[in-house]
Amino acid sequence: MAGASAPKRQDTRKFFENLSGAGKSIAVLTSGGDAQGMNAAVRAAVRMGIYVGAKVYFIHEGYQGMVDGGDNIKEAKWESVSSMLQVGGTVIGSARCKDFRTHEGRLKAAHNLVQRDITNLCVIGGDGSLTGANLFREEWSSLLEELLQQGLIDEEATQRNSELHIVGMVGSIDNDFCGTDMTIGTDSALHRIIEVVDAIMTTAQSHQRTFVLEVMGRHCGYLALVSALACGADWVFIPEMPPEDGWEDNMCQKLSENRADKKRLNIIIVAEGAIDRHNKSITPDYIKDLVVRRLGFDTRVTILGHVQRGGTPSAFDRILASRMGVEAVLALLEASANTPACVVSLVGNQAVRLPLMECVQMTQEVQKAMDEKKFDEAVRLRGRSFENNLSTYRLLSFRKADSELPNGEEEAGDEEQIDSSFNVAVMNVGAPAAGMNAAVRSAVRVGITEGHKMFAVNDGFEGFYKGQIKEIKWGDVGGWTGQGGSLLGTKRTLPGKHLDKIAEQMRIHNINALLVVGGFEAFESILQLYVARADYEEFCIPMCILPATISNNVPGTDLSLGADTSLNAIVETCDRIKQSASGTKRRVFIIETMGGYCGYLATVGGLAAGADTVYIYEEPFDIRDLQANVEHLTEKMKTSIQRGLVLRNENCNENFTTDFIYQLYSEEGRGVFDCRKNILGHMQQGGAPSPFDRNFGTKIAAKAMQWITRTLKESYKGGRVFANSEDTACLLGMRRRTLVFQPVAQLRDETDFVHRIPKEQWWLKLRPLMKILAKYKTSYDVSDSGQLEHVTRVRPKDSNTSTAI
């Protein structure tokens, strides 16, 4: 189902059964620099192509293979893309190709394609590769004409291959392509960087060192900026935003202030393309010498280099690439002579198609703006996601001196003075989720910057009614971003039974606003406090929830904090289990995941790990389905892929337990395959937060604090805060492309309280995708697939309503 904000589209649903690939040939190639997740894109495109009845070819070694032809262009079978989902880089090879830049090279390439009747190209690469593909398409008819004149092809072949269709997917770890929020490989590269930074922090802490880290990004500072946000770096250098002249003094002052503040380490992150205002490059060694010369700090330089391109793709990149691969095939099937070459991408949580050349032109404009020193323009052209990262980083990076903090402002035409220093409490409720601490840190620091006094509540509402509330300062949350679990402590206790005591504590500490980071219990809690406003004036204050739960079962949001970290834990374990199964052959693993009644972890984890079947509560199944799944696996064992992976959500069915399914499969598969079972358990709740969760937590908390400040000012009347309208008790959620504050009172109707899940869940539409990639015949609703849009430049001024993650 689409996000609940979308109207029901039952009547307009069109299924792709009508889109047949019969008689069509599609070729898949990867080109330019490699990126983790390219294999997942290749796998999805190949399987979707075969599924719709097309012939699919690999082109090995990128454009070089297209020019050289021969064995470089091979037909792909279903099994040929097996076991590549978890492999980094690109299995079909990539090369930088000079020949394709020449007319002769492209003529050879055209000849090689026409010989195999290939008229659909799926290109996975960066902007250079995609620009090349577009040029090739523009020249196509003249190239055919030339081949015909040279007698290399006949008239009939020219007619059959008269149109060349191109769809691109952007694979680049730099995330430097305009029009897309995330390119394939970016999230995995962030994983590599953060693993290194986390490791370096422990040694830096021991010796009180300063570390200067260089990350990739020749022309784009995305990796540097997001990793700086995700690890709370002291300073970051990116090409889009060179530091002001005199930055050396500012940086050294900040580093020494942090040291004086008992911070034992400093981290400085530098993008390899970092420059100053005069286009002079800023190198890690220059920074190191500066720090040593001026401050005498023990300083080390680490250059991450190609580590960032390597390793296994993250769960996010596998899902992104799998969705894009399927979307690319649909776009090729729907293409006609007059549709422009397009790229498929994700904006927010939504698949979109964008004209390839519009994106390329905008990407080139960024470089032009940087060359002309129009840096603000460059940041704006990079897109919403980049801009938000930068503004959040700025918000958090500069600690205001106490003298600068606002302490009262005059209200125009009003005699009484508003005291803009309000008391805001922050707490965690529910089960621990990775990213909670990042959100609390961000909320505390933004709150202090906005002039509030921040209070931390320990152990959820249990701690609240017992009075475990104390002021929390800027320095108290240092180093919190990378910590898993909940440092404030969290409990599932709901406030309902302790309303008197909680109201009393609010009076004692004069709490003017409440920010709750938590899962379904947090939603229920704020709902209870909202309902109790009629009896307790103390609850008539702005209240906001940030959804944080690995189950991703909170209404009003497509994604919850902690789910990404949990998915990565599941996928990593599944990879290991698949490896063990491949070694023993003919083995099927049944794996139980958490999630309560919500099948998000099982479904999305299954898509990212390449599962054969996933059982969830939202899609009821019976013994006939189990039987069909066993038969499907029996057929699979006859091929070269002799292993199976079955995921089961813990509450998918009270009778078909993990043991039952394990025993059924063992009995029915006797003589064909044997079974093992694994219950993943609480390892899904632990671990250091993923870069996505750190970044998401930091950004939504900053946004929530700004909302709290606005709402406090609006509801401050007669010397006190009084907020009792429904839009002052909200949940901040991500809906498709935007972050929205939604009143909990309205979300009540969208919720199934018995099973603790939203009534409509967007990720259910990923299930057919997973089934297709596991070779099940299914119907796939394409009415939600991306429509061709245009790259937007001028965005609405009101950025409160929309934020890309």
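Analyst: One term to start with: strands here are DSSP runs of E with at least two residues, helices are runs of H or I with at least four, and both are numbered from the N terminus. Also, keep in mind that this is a predicted model.

User: Okay, what makes strand 5, helix 10 and strand 10 worth naming around the second largest cavity?

Analyst: Strand 5 (165–170), helix 10 and strand 10 (342–347) each supply at least two residues of that lining. Strand 10 gives the most, with three residues. Among the lining residues are M169, V170, L320, M324, V344, S345 and L346. The volume of this cavity comes to about 40 Å³.

User: How do you know which classes of residue line the second largest cavity?

Analyst: Met, Val, Leu and Ile count as nonpolar, while Ser and Thr fall among the polar ones, so M169 and V344 go in one class and T180 and S345 in the other. Sorting the lining that way gives eight nonpolar, three polar and no charged residues.

User: And the largest cavity: how much space lies in it, and what lines it?

Analyst: About 430 Å³ of space lies there, and the structure holds five cavities of 30 Å³ or more. The largest cavity is lined by 29 residues, with F316, N349, L559, D564 and F692 nearest its centre. By class, that lining has 21 nonpolar, four polar and four charged residues. Helix 10 (315–334) is one of the helices that each supply at least two of the lining residues, and the largest share, five residues, comes from helix 10.

User: Where is N134, and why is it called buried or exposed?

Analyst: N134 is found in helix 4 (residues 127–149). Buried means under 20% relative accessible area, and N134 has 8%, so N134 is buried. Leaving out residues up to four places away in sequence, N134 touches I166, A341, L356 and M357.

User: Which residues have the most contacts inside the largest nonpolar core?

Analyst: Those are M66, L121, F136, I269, L514 and Y600, in a core of 239 residues. The largest share of this core, 13 residues, comes from helix 10. In soluble globular proteins, nonpolar side chains tend to be buried together.

User: What does Y600 touch?

Analyst: Contact means heavy atoms within 4.5 Å. Not counting residues up to four places away in sequence, Y600 touches S551, N552, L559, A563, L567, G605, W762 and W763. There is also a second, separate core of 16 residues, which includes I590, M637, C652 and Y665.

Definitions and conventions: Residues numbered from 1 in each chain as written. Predicted model: local features only at pLDDT ≥ 70, side-chain atom pairs only at ≥ 80, totals over all residues. Heavy atoms only, no water. 1 Å grid on protein atoms, 1.4 Å probe; cavity = no way out; pocket = protein on both sides within 12 Å on 5 of 7 lines; lining within 4 Å. Points joined across faces, edges and corners; volume = space filled by probe spheres on them. Buried < 20%, exposed > 50% of the residue type's maximum accessible area, 1.4 Å probe, protein only. Core = buried A, V, L, I, M, F, W, Y, C linked by side-chain atoms within 4.5 Å.
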